[in-house]
2 protein chains.
Amino acid sequence: MHIGKITGNIVVGQSGGPTAAINSSLAGVYKAGKEAGADKVYGMLNGIQGLLKGKLIDLSEKITCDLELELLKRTPAAYLGSCRYKLPDYEKDAAPYEQLFQILKEHGIAAFFYIGGNDSMDSIRKLSEYGESVNSSIKFIGIPKTVDNDLEITDHTPGYGSAAKFIAAATKEIIRDSLVYDQNNLTIIEIMGRHAGWLTAAAALCKDKDCQGPDRIYLPEKDFDRDVFLKDIKALQQEKKSVVIAVSEGIHLADGRFVCELSDKDSYIDEFGHTMLTGAGAYLAALVKKELNCKTRAIELNTLQRCASHLASLSDITEAFEAGRAGVMAAARGITGEMAVIKRVSDSPYQCAYETHNIKQIANMEKKVPLSWIKEGDDGLTKEFIRYARPLIMGEVMPVMVNGLPAHMDNIQ
Amino acid sequence: MHIGKITGNIVVGQSGGPTAAINSSLAGVYKAGKEAGADKVYGMLNGIQGLLKGKLIDLSEKITCDLELELLKRTPAAYLGSCRYKLPDYEKDAAPYEQLFQILKEHGIAAFFYIGGNDSMDSIRKLSEYGESVNSSIKFIGIPKTVDNDLEITDHTPGYGSAAKFIAAATKEIIRDSLVYDQNNLTIIEIMGRHAGWLTAAAALCKDKDCQGPDRIYLPEKDFDRDVFLKDIKALQQEKKSVVIAVSEGIHLADGRFVCELSDKDSYIDEFGHTMLTGAGAYLAALVKKELNCKTRAIELNTLQRCASHLASLSDITEAFEAGRAGVMAAARGITGEMAVIKRVSDSPYQCAYETHNIKQIANMEKKVPLSWIKEGDDGLTKEFIRYARPLIMGEVMPVMVNGLPAHMDNIQ
């Protein structure tokens with residue numbers, strides 16, 4: 001499809017939590033913007049928060065060749081910096097809107113692209129609605145990005161595939177590590193995801209001929225029952241010495257209490273009077289140690305889940321780039337108030353198409369793992385999930401190794 | 001050098017904590033053993049502990065081609081399983097020795113190879129001494145393995161380079177992640193190393209044109225002072241918004257108390273009466289939050305430090321293999337009671353030779369980071385450390401990717 005024509009300048013920003021793929025979408029917007037004939041592609045530093053302070057840079061001064069564009073695609077986190085800024089309702093407080101539109105006008109902006117998750121899409125919704133209300137011709141387009149994979153309409157979100165690949169590879173290596181000693185032991189891997197279990201479900205992807213996969217996987221989509229859990233672990237330990245389970249940080253009891261909040265709070269006040277938030281994994285490890293008296297360890301996969309570019313998924317990095325391009329093409333066709341979405345055309349061979357979709361049906365929604373994809377007894381995910389998720393982790397983006405380490409585009413300081 | 005000739009069978013075992021390189025040494029012993037003409041290369045399951053139960057397997061039945069040998073080199077943890085078994089002094093209790101030597105005799109063992117760290121080298125010392133005392137002809141050779149890099153005589157230990165590469169890459173990605181928000185924040189990365197700071201020092205390797213590196217690095221080789229630390233962080237926060245520091249889990253005050261033990265213990269008893277061991281990172285994050293009131297987070301790099309084969313160092317995997325080979329060659333020359341050591345011949349180009357060295361000068365020693373390599377003010381490591389450590393993380397061992405993930409040799413169950 002022809003890229004279309006953009007007259008004037010465009011601006012792009014990043015918002016919300018870092019991922020391994022968000023810079024690839026930035027590269028996609030930049031490249032497509034240039035191809036569509038935009039005079040300048042501006043980057044806003046620290047999202048809308050920076051834009052309100054007039055912090056704009058001309059990206060052509062930073063990205064001077066295709067080699068740098070490739071490096072940008074391999075750089076984790078957010079090259080332009082990020083923010084967590086919530087726009088007010090414009091009907092109640094139009095001031096920031098007037099200010100933003102003034103800045104956009106001064107810079108001759110024809111289209112505005114915002115790469116982010118749920119909150120960022122809400123910003124696009126508000127900006128496009130305000131734009132319509134003042135008859136602005138500026139197009140506002142969202143580019144999806146979140147490791148949580150919880151955006152509606154799009155088949156999946158850029159950022160999820162790379163996070164899933166790292167989680168599955170790390171889980172496989174940890175399972176391998178847990179097998180070395182000839183004694184009963186339980187390893188609990190705690191994985192990101194407060195409300196949606198997509199990231200934790202990715203641990204199931206390591207099950208293969210050379211790996212049994214996690215013995216149990218607990219997602220926030222289902223209520224967690226401590227008694228059933230303990231009975232289950234006990235039974236597993238009769239069968240095998242090394243038991244490995246994966247839990248979402250957001251697992252909760254039927255009454256809604258998060259497992260990570262179950263500890264007696266008074267016991268977790270530190271010497272400064274702060275509550276130490278013990279994770280779900282640490283809580284369950286202590287529970288098992290007390291009730292079953294076996295060797296336990298809790299491992300948090302931590303920040304690398306979202307920023308491990310050194311093991312990024314080629315599918316993901318490519319799709320993130322294409323989602324950026326799709327956004328620019330939509331703007332060139334005069335569309336506003338929409339988000340780029342990935343539409344799966346077929347599973348085998350895996351093929352996707354890129355479209356845009358009305359932002360109102362996406363913002364403020366949350367897509368969860370279908371209950372029918374979670375196996376009875378929590379001992380894994382069904383083949384429907386594997387069929388869905390496997391293509392998303394396929395392929396590798398070779399880092400450019402310099403001095404033994406992956407090279408990055410350094411942030412704009 | 002010619003590999004030499006071994007008459008009879010050999011046996012090899014793995015002991016202590018898993019690493020990304022220990023299976024490469026196993027591959028080296030196997031390959032060299034076959035080349036030296038050993039009839040059978042036995043693997044002991046779960047080290048000496050399994051050997052005492054007669055748990056031996058013929059490795060030729062498991063490793064059937066060079067492709068599998070390559071896969072073994074790319075598999076983390078310990079293919080044969082491990083143990084933490086301490087042999088008694090044979091003068092006080094000869095029973096396990098008599099039992100072991102009986103088993104070795106029954107299997108026609110001419111040479112015994114043990115891949116491990118400090119404790120494992122002590123086992124080799126004891127076995128070779130007992131062997132001499134009973135005029136046994138069996139050769140006992142140690143193959144070094146530890147992510148801690150704390151073995152004497154050898155320039156460095158197999159396992160360290162891959163751990164250092166993962167730590168440096170992860171630190172770089174976390175630094176990138178920490179830069180996205182436009183507000184003061186402190187990230188504390190806690191890295192393995194109770195007494196020796198080699199692993200934490202590796203975080204310094206990410207400092208390059210595209211990365212400022214950690215702002216401070218605290219090793220257990222130096223006493224830690226909370227007041228100086230707080231003053232230092234405060235000063236840093238005047239200069240820059242995102243501050244990232246790396247701390248060894250084993251940092252301690254001048255009076256010897258570990259920082260991870262400083263919290264008021266009563267506050268960390270969980271609801272089951274267990275003491276929750278808060279790490280040094282979590283303690284310091286809470287300290288900074290209280291004293292400087294800024295956003296802090298503590299990240300433990302956890303188990304992946306030792307088992308992230310997906311980002312192994314080619315230097316390390318190659319040297320681990322060659323150390324195994326050097327051990328076999330020494331046994332073939334009639335040597336016993338020695339450990340394979342890596343001798344650095346030159347820095348530039350980086351070149352190493354392989355020798356063996358009297359185990360008595362290695363077992364029960366601990367090599368630490370020279371104080372002269374730690375910069376005044378703890379703001380990094382000197383160029384001497386970088387010159388030492390850089391070659392150890394160079395090069396990549398491409399994983400064999402199957403279904404989007406690194407393939408492994410599955411453990412013998």
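In the predicted model, chain B and chain A together bury about 6,400 Å², and 58% of this area falls on carbon and sulfur atoms. The size of an interface is often expressed in this way, as the accessible area that is lost when the parts come together. In terms of residues, the contact involves 82 residues of chain B and 81 residues of chain A.

The arrangement of the two chains is described by a turn of 180° with a shift of 0.0 Å along the axis, an operation that lays chain B on chain A with an RMSD of 0.0 Å. The two copies are therefore related by a two-fold axis. In keeping with this description, the same surface serves both copies, as 99% of the contact residues of chain B recur in chain A.

Polar interactions were also examined across the interface of chain B and chain A, where 8 salt bridges are found. One salt bridge joins the side chains of Asp182(B) and Lys53(A), with an N to O distance of 3.6 Å. Across this interface of chain B and chain A, 35 residue pairs are in polar contact, both residues of each pair having a pLDDT of 80 or more.

A search of the whole structure for enclosed space yields 3 cavities of 30 Å³ or more, and the largest cavity holds about 180 Å³. The lining of the largest cavity is formed by 16 residues, among which His310(A), Met398(A), His310(B), Met398(B) and Pro399(B) lie nearest its centre. By residue class, this lining comprises 12 nonpolar, 2 polar and 2 charged residues.

Definitions and conventions. Residues numbered from 1 in each chain as written. Chains lettered and ligands numbered in written order. Predicted model: local features only at pLDDT ≥ 70, side-chain atom pairs only at ≥ 80, totals over all residues. Heavy atoms only, no water. 1 Å grid on protein atoms, 1.4 Å probe; cavity = no way out; pocket = protein on both sides within 12 Å on 5 of 7 lines; lining within 4 Å. Points joined across faces, edges and corners; volume = space filled by probe spheres on them. Nonpolar A, V, L, I, M, F, W, Y, C, P; charged D, E, K, R; others polar. Least-squares fit on C-alpha atoms with pLDDT ≥ 70 in both. Contact = heavy atoms within 4.5 Å. Buried area = accessible area lost by both parts, 1.4 Å probe. Salt bridge = Lys/Arg side-chain N within 4 Å of Asp/Glu carboxyl O. Polar contact = N/O pair within 3.5 Å; in protein donor to acceptor, adjacent residues only side chain to side chain.
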